[in-house]
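Here are my comments for a colleague who has the coordinates open and wants to know which parts deserve a closer reading. They are set out as numbered points.

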Amino acid sequence: MSESPENSTPEPAVQAPQEATETVDAPAAAEGLAPEADATDAASTDAASTSDDTSADEAVTAEPAAEAPSAEEAPAEETPAAEPAAEETPAKAAEEKPATPSPAPSRPTPRPRPVPRPSALPHPPRPAAAAVAPEPHPVIPDDAAAAKAAGEFGRVDEDGTVWVREAAGERSVGQFPGVGHDEAKALYVRRYLELNAKVALFDARLSSTDLTVKEIDGTLERLREETAEPAAVGDLDALRAQVEALAERAAGRREQIAAERAAAKESALAARTEIVEAAERISATDPAQMQWRPAGEELRSLLDQWKNAQRSGPRIDRASEESLWKRFSHARTTFDRERRHFFAELEQRNTAAKSEKEAIVAEAEQIASSTDWGITAGRYRDLMTRWKAAGRANRKDDDALWARFRGAQDTFFQARDAANAELDASYGENLVVKEELLVQAEALLPVTDLTTAKNTLRDIQDRWEAAGKVPRADVQRVEARLRAVETAVRTADEAQWTRSNPEQRARAEGAAAQLESAIAEIEADLAAAEAKGDKRKVSELTASLEARRSWLEQIVKAAEDSRG
């Protein structure tokens, strides 16, 4: 008997028992199997059951780790791989049986093996410290109870044909002759449990892991194909309804993924925009105020950020990316153009400054041997002013030219210092003479006799000029001491003149005469007011009289001071 084309179980697994059935013509022949054949049949059945259990376990275990569609389809295709070998054994035993029937010994009753739970399967150890979310495991009810409940939806005919009951009616899912009804149905029940485990696993992964839209759609498509008309016994209608419910949840999950992807794209677009705006701020900086090396390093860092975002970040739409890249590229091009222009102008300025400083150095080296100390020192000051106004040349050239200029200056001024040292040695005796004159001049202070002080100071000044020059280091010191004596004598002379000024004395005497006349008149008025008893007028005249007498005393004192 052949299965439906949609059946995921390979046809040899079902056809082998059929061939064995066609080979045996009489019931007596079937009963006449040798004990060895019966034992082989039972062992083969157990091997098939064990192989089916192992395949089911592998299918459940491999499902969480499957990423590609082929990896998820493999367990369903490989599940009955051990069935042909198990089912060919009865056929071979039937062909090798003796012609004469013999009583068959009692055969052991085959029992379905329980499907191992996913939690009982061995799993590779996981590092305790790894911060990875645990793989989701579907919650599967007790296997025996689930197998019993699934078996209620199927039946087995006398010829070994297995039927499953669905809403649309009964459907044949395969044939397994030569075994008991429970064992024949157990194979297809296990297939149902495998499909149920796949659905439960997808349910768990849909809730707790990050699946892509492609993985969700691929898994749903495979589950729909595998649950369409499977060679399995169980509540297939409920299983299909569960798959459709998962499809509705998957639609919500797709919307969530789309929203997350849109948010990630928006964030990536904002990050790219920040990179571009930072580059544009750098390129818009005034070249005169630009720090070219740090700015260039910052632009290179922004370019690395752009590459990392393009390589490992969320993809943004092509139009926005091209627009931002054009702005970023324009900013970098502007920066490079301004930098080249700036350094070209800088090179021109450096060349002009180098030429100017070369001329300055040549002139400085030319006058380095001059002995006209005063004029040459002034020329060197002028050359230094020109050097500062010329600007900077290239650092290497500027340092070399400055070394030459400084060397020419040192040559001249060292020669001048040596000549001055010789002169200072010859001026030592003059310094001794002038220090003795300073002692004599300072003895005139304080000035008590102005005429004597003036005459003595004049004689000291004549001898001071005759003494000659002193060492350069002592010039300011001795000159300052002599100026202090001259200032004191001059101040005393000016004070004497102020006191003996004839014009000032005449003005003082005239003012005194006027005050004396005014005082006499006030005294006469005061006597008349007292005689009349006019107290108010007496009070006013008394105050006026006292004020004028005070003024008269001051004028008289000033006149006496002027006379000495």
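1. How many strands form the open sheet, and in what order do they stand? In this predicted model, 3 strands make up the sheet, arranged as E1-E2-E3 with antiparallel pairing. Strand E1 (154–156) and strand E3 (169–175) each have a single partner strand and stand at the edges, so one side of each is left without a neighbour in the sheet. From one strand to the next, the twist averages 25°.

2. The pairing of strand E2 (residues 161–166) with E3 is antiparallel and extends over 6 bridges, and a hairpin of 2 residues joins E2 to E3. For checking the register, Val164 stands opposite Arg171 in E3, while Arg165 stands opposite Glu170 in E3. In a regular strand, side chains alternate between the two faces of the sheet.

3. Although E3 stands at an edge of the sheet, 5 of its 7 residues are buried, so E3 is largely enclosed by the rest of the structure. Helix H9 (residues 236–283) lies across E2 and E3, and runs at about 55° to E2.

4. Helix H12 (residues 373–390) passes a simple check of geometry, because its 18 residues, at 1.5 Å a residue, should span 26 Å, and its end C-alpha atoms are indeed 26 Å apart. After H12 comes Gly391, which has a positive phi, near 85°.

5. Which residues of H12 are buried? They are Thr376, Ala377, Gly378, Tyr380, Leu383, Met384 and Trp387, and these buried residues pack against helix H11 (318–366) and helix H13 (395–426). An α-helix has 3.6 residues a turn, so residues three or four places apart point the same way.

6. The packing of H11 with H12 can be stated more fully, since two packed helices are described by the angle between their axes and the distance between the axes. For H11 and H12 the angle is about 170°, and the axes are 9 Å apart; the two helices are therefore roughly antiparallel to each other. Residues of H11 including Ala353, Ile360, Val361 and Ala364 meet a set in H12 that includes Tyr380, Leu383, Trp387 and Ala390.

7. Confidence calls for some care, as the chain has a mean pLDDT of 74, with 72% of its residues at 70 or more. Over residues 1–141 pLDDT stays under 50, and for this stretch the model has 162 contacts beyond four places in sequence. Where pLDDT is low, the predicted coordinates should not be read in detail.

Technical notes: Residues numbered from 1 in each chain as written. Predicted model: local features only at pLDDT ≥ 70, side-chain atom pairs only at ≥ 80, totals over all residues. Heavy atoms only, no water. Helix = DSSP H or I, 4+ residues; strand = E, 2+ residues; numbered from the N terminus. Expected span 1.5 Å × (residues − 1). Buried < 20%, exposed > 50% of the residue type's maximum accessible area, 1.4 Å probe, protein only. Contact = heavy atoms within 4.5 Å. Pairing = 2+ DSSP bridges. Axes fitted to C-alpha atoms, helices over the stretch in contact; angles between N-to-C directions. pLDDT = per-residue confidence, 0-100. Parallel < 35°, antiparallel > 145°, perpendicular 65-115°, else oblique.
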